[in-house]
Amino acid sequence: MSDESPSNPQSSSKPWNDKNQYVCRARIGNKPEIRSTRKKPVVSCTLYIKSEYDDDKGKRVTKTTRVPVTMFGDKAMTFANDVNKGDYVEVEGRLQENAWEDSQGQKRTRLELIASKYQVVQRKGEQRQAA
């Protein structure tokens with residue numbers, strides 16, 4: 001029997017064995033926005049992921065990547081009530097691409113993090129603990 005089966009993802013190169021898991025640590029860029037669907041609450045915010053590097057001339061460059069985050073259900077409400085703009089958090093979930101057509105008929109896409117877990121690492125204004 002071959003080891004390349006859906007139940008053995010380590011040895012398989014089949015596309016259905018891809019793992020869509022994303023974990024990042026970043027600052028909350030805006031106060032989470034709460035909305036509701038018919039069945040459950042939905043919370044959205046943006047994570048600001050800062051990275052620094054030296055350019056070709058040796059100058060230090062800071063770049064901020066903005067990642068939209070969406071969370072559903074009771075966990076979403078806890079998240080919305082627990083975090084504030086500027087808090088440093090670790091968020092875990094899966095990436096999802098949304099596609100639509102804008103009012104000018106242009107196709108648009110957006111990648112977002114559908115969060116399932118979070119942890120506050122540092123509140124805005126608190127000093128970081130030495131590692």
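**Notebook: confidence, contacts and cysteines**

I looked first at the start of the chain, where pLDDT (the predictor's confidence in each residue, from 0 to 100) stays under 50 over residues 1-6, and for this stretch the model has nine contacts (heavy atoms within 4.5 Å) beyond four places in sequence.

I note that this is a predicted model, in which local features need pLDDT of at least 70 and side-chain atom pairs count only at pLDDT 80 or more, while totals for chains, interfaces and linings use all residues. Residues are numbered from 1 along each chain as its sequence is written, and side-chain values use heavy atoms, with hydrogens and water left out.

I then looked up the confidence of the protein, which averages a pLDDT of 87, with 84% of the residues scoring at least 70. Among its elements (helices, H or I, of at least four residues and strands, E, of at least two, taken as DSSP runs and numbered from the N terminus), strand S4 (residues 60-72) has the highest mean pLDDT, 96, and strand S2 (residues 33-36) the lowest, 92.

I followed S2 onward and found that it pairs with strand S3 (residues 41-54) in the antiparallel sense over four bridges, where pairing requires that DSSP finds at least two bridges between two strands. The two strands form a hairpin with four residues between them, and isoleucine 34 stands opposite valine 43 in S3.

I turned next to aspartate 102, in the loop between strand S5 (88-101) and strand S6 (107-122). Its relative accessible area is 17%, so I record aspartate 102 as buried (under 20%, with exposed over 50% and partly exposed in between, for a 1.4 Å probe and protein chains only). Its side chain reaches the backbone nitrogen of glutamine 106 at 2.8 Å, and a polar contact of 3.0 Å joins it to the side chain of arginine 108. A polar contact is a pair of N or O atoms within 3.5 Å; within protein, one must be able to donate a hydrogen and the other to accept it, and residues adjacent in sequence count only if both atoms are side-chain atoms.

I finished with the cysteines, and the count comes to zero disulfides, a disulfide being a pair of cysteine sulfur atoms within 2.5 Å. Why is there no bond between cysteine 24 and cysteine 45? The sulfur of cysteine 24 is 9.9 Å from the closest cysteine sulfur, which belongs to cysteine 45, and this is too far for a bond. Cysteine 24 is buried at 7% relative accessibility, and cysteine 45 is buried at 3%.
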